[in-house]
Amino acid sequence: MLTAILTGFIFSILLVFVGKFFKGKLSILASVVPLGLFLYFFQFIAPIADGEVITRSFQWIPSFGVDLDFKLDGLSLLFSLMITGIGFLVFAYTSSYLKGHEYLDRFYGYLAAFMGAMLGLVLSDNMITLFVFWELTSISSFFLIGFNNTNPASRKSAMTALGITGIGGLLLLASALLLNNITGTYSISEMLSMSEAIRGNEFYAVAVLLLFGAAFTKSAQFPFHFWLPGAMKAPTPVSTYLHSATMVKAGIYLLMRFTPILGGENIWNYTLIIVGGITMLYSAIHTLFRTDLKGILAYSTISALGILVFLIGLGTEEAFLAAAVFIIVHALYKATLFLVTGIIDHQTHTRDVTRLAGLNKIMLPVGIAGILAAISSAGIPPTIGFIGKELTYEATYHSETIIIISMIAIVLTKILLLYAGFVAGIKPFTGKLPEEHKNVKAPGPIMWIPPVLLATLGLIFGIAPFLIEGALIKPVVTALGGDASEIHLALWHGFNLIFILSLITIGVGTTLYFIIKPSEKLVAVAARYNKISPENILNLINKGFVQFSNFWTNFFQNGYLRNYISIIILFLVVIVGYIMIGNTRFVIDYNSLSKITVYEITTTLILIAGIFYTVFTESRLAAVAAMGVVGLSICLIFVFYSAPDLAMTQFSIDTLTVILFVLVLYKLPKYLKLSDYKTRVRDGVLSSVFGLIITVLALEVLSEPVSKQVGEFYAANSYVEAHGKNVVNVILVDFRGADTLIEVSVLSIAAVGVFGLMKLRLKMRDRKRYADTTLKQENKEQ
């Protein structure tokens with residue numbers, strides 16, 4: 001299972017070295033990777049249908065309870081099959097859609113990495129592992145959405161998507177840490193057995209809201225939905241893969257996975273019902289005011305995600321069944337419509353639905369796929385969409401939560417989604433072919449076979465729902481904590497209220513399609529309300545935050561080093577001083593102090609004189625020399641107290657520092673007074689207070705009982721374990737080797753930066769010399 005997850009990442013890395021072989025005719029071979037993974041997961045259908053749960057575990061950081069735990073049950077199998085199955089078709093479709101593209105290999109690399117991240121996400125049985133893959137999906141989708149990086153709109157969309165989903169990732173991590181604090185484990189399976197204890201914990205509501213934040217941002221729920229329409233700037237294969245079956249359903253998967261653990265409480269159910277209800281209806285209405293095919297599909301996707309959140313919120317077995325079926329329904333028809341839209345755009349160079357009609361005369365197979373997908377999205381028999389719609393209505397009608405409002409909202413949503421599906425899947429192919437498209441050519445079979453195959457599956461599963469009933473649907477319901485023994489999918493449920501609602505949906509939606517024609521006037525109507533849209537409001541908040549950040553940065557980062565140091569010291573004085581008030585317990589035992597010798601008195605007086613001379617002298621070089629005297633005085637104190645190694649280190653560093661300061665300051669202008677008398681008094685008082693606090697801290701430390709356990713451990717084990725006689729060196733290099741490695745890395749990075757600046761300066765100097773030489777030559781010629 002781990003190999004299957006890593007396959008996408010390994011293939012992505014290999015493309016760095018062999019990517020050129022996937023840019024030409026061999027590009028279709030890239031689809032072998034997701035196909036192989038699909039076949040691998042396909043073999044688990046039978047055992048999972050029989051109730052088996054397959055787990056794999058690999059140690060990662062066992063001391064923190066973080067392991068690579070993976071679980072394959074009905075829920076994760078369904079998502080794995082969608083990720084790899086639709087992934088296979090998208091990979092194949094891409095070979096024709098981006099044929100000859102300069103960076104086709106790079107695109108496949110991003111796509112493969114995303115596929116691996118999504119597989120890791122849905123298979124993870126550890127919250128930290130899930131979080132890691134969650135973030136990898138955000139990062140890889142960032143590269144996919146911004147693939148056309150020369151387009152500013154693509155870059156902006158990618159940044160927006162990364163920002164919104166990145167915030168969700170932080171919320172998921174916070175939720176994981178909180179749940180670990182409650183349960184003592186990161187294992188999702190172990191949390192399942194402690195669900196009652198979690199729900200009874202005082203932090204249950206906080207954990208739930210954090211989890212909701214992650215799911216809502218990833219699955220584009222209101223008011224975080226606006227990143228998804230913006231992401232349509234990506235190439236069509238990205239829109240198909242990310243926004244029909246994979247990334248946007250990651251939040252849905254998260255909610256479904258944690259429903260048996262956190263679900264059943266009012267805060268869980270009502271929040272999901274309200275947020276899902278608002279999202280599905282709000283986004284469905286938006287489809288009326290769009291003319292771009294991708295825009296229509298984007299908002300209909302958000303609406304479908306809202307329906308899924310709404311169904312999960314209902315929390316009944318019927319709702320779980322409807323959600324499981326609708327996941328398949330939506331993946332099939334939405335992927336088809338996206339692929340069809342890509343073909344239309346690729347062949348006609350437009351996605352404006354007002355300019356599209358009659359394309360059936362040119363690309364009949366594509367038209368058939370589009371019409372079948374539109375029928376399935378509308379819930380018209382005999383497609384699987386009809387079964388999904390019936391189950392959704394039935395689950396809503398039989399729920400005990402705000403039935404009337406819920407029924408009105410879900411019916412209106414389905415009517416509007418029918419309209420959107422007809423506009424995207426039927427309108428471009430019916431009617432009279434415009435003159436501007438008379439010379440449009442039909443696409444190659446590699447482009448039209450994937451959407452035809454997906455649309456056909458939607459029809460087959462509708463006619464024969466038993467094909468997915470026991471293999472996929474029942475295991476999903478079982479994974480959600482429901483009883484799947486009585487589940488039976490059928491195209492005909494009898495003539496009842498649910499069927500009447502279906503007929504009303506089809507009739508009103510079809511009428512709406514013929515009455516309301518997409519136009520720029522409707523787009524303009526929607527544009528009037530952009531000022532109060534969530535996107536605009538969040539943009540205003542973002543601008544305000546940027547302005548405040550600029551003010552804050554300019555106020556504190558004003559270019560004066562002395563101000564930076566003063567602020568840092570003032571902060572430490574306030575914080576440490578506040579803590580120390582009333583908490584100081586040190587007592588000076590004068591009898592325990594050793595006698596003060598004349599050498600110590602002399603050295604201390606020299607040190608104090610050096611400090612005062614450094615502060616009050618008007619010569620830089622004299623100040624540097626006085627600082628050297630201070631450093632050498634400290635060296636002598638180390639010698640007096642039997643620390644020759646520290647004295648030698650101090651002496652070397654101090655001498656080198658003085659020499660460097662002299663070299664740097666020698667050519668600087670005369671010493672300038674950059675502060676007035678009041679500023680110097682203020683700095684003097686601040687320095688004195690800071691020195692007093694450090695003195696009190698030192699006395700506090702000295703008054704604490706001395707524990708020699710750590711020292712004795714190092715002394716006893718330095719030679720035995722690290723084979724070193726110098727205990728200090730062994731501590732730095734072996735026992736605390738990680739710290740030393742990081743410090744060395746920081747110094748190395750700084751050295752590289754300094755070297756880069758030196759090279760840059762040399763280049764600037766060379767350019768100046770070249771310019772001066774050129775100017776002299778021009779003057780001679782004149």
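Let's start in helix α24 (residues 534–556), where F548 and W552 sit 4 residues apart, so about one helical turn separates them. This is a predicted model, and the briefing below walks through its aromatic pairs and one charged surface patch.

**The pair in helix α24**
- F548 and W552 form a tilted aromatic pair, with 5.8 Å from centre to centre and 35° between the planes.
- F548 is partly exposed, at a relative accessible area of 46%.
- W552 is partly exposed too, at 47% relative accessibility.

**Other aromatic contacts**
- The count of aromatic pairs comes to 24.
- One of them joins F422 and Y513 edge-to-face, with centres 5.6 Å apart and planes at 90°.
- Because F422 belongs to helix α19 (residues 403–425) and Y513 to helix α22, this pair ties together parts of the chain that lie 91 residues apart in sequence.
- F422 is buried, having a relative accessible area of 7%, and Y513 is buried as well, at 10%.
- Elsewhere, Y40, F41 and F44 are linked into a cluster by ring pairs.

**A negative patch on the surface**
- E317, E318, D483 and E486 together form a negative surface patch.
- Within this group, D483 is found in the loop that runs between α21 (466–479) and α22 (497–515).
- D483 has a relative accessibility of 45%, so it counts as partly exposed; the range for that class runs between under 20% for buried and over 50% for exposed.

Technical notes:
Residues are numbered from 1 along each chain as its sequence is written. This is a predicted model: local features need pLDDT of at least 70, side-chain atom pairs count only at pLDDT 80 or more; totals for chains, interfaces and linings use all residues. Side-chain values use heavy atoms; hydrogens and water are left out. Patches are made of residues with over 30% relative accessible area and no salt bridge: like charges are joined within 9 Å, nonpolar side chains (Val, Leu, Ile, Met, Phe, Trp, Tyr) within 5 Å. Accessible areas come from the Shrake-Rupley method with a 1.4 Å probe; for residues, only the protein chains shown count as cover. A salt bridge is a side-chain nitrogen of Lys or Arg within 4 Å of a carboxyl oxygen of Asp or Glu. Lys and Arg count as positive and Asp and Glu as negative; His and the chain ends are not counted. The place of a charge is taken as NZ of Lys, CZ of Arg, CG of Asp or CD of Glu. Helices (H or I, at least four residues) and strands (E, at least two) are DSSP runs, numbered from the N terminus. Buried means under 20% relative accessible area, exposed over 50%, partly exposed in between (1.4 Å probe, protein chains only). Rings of Phe, Tyr and Trp (its six-membered ring) pair if their centres lie within 6.5 Å; planes under 30 degrees apart count as stacked, over 60 as edge-to-face and the rest as tilted.
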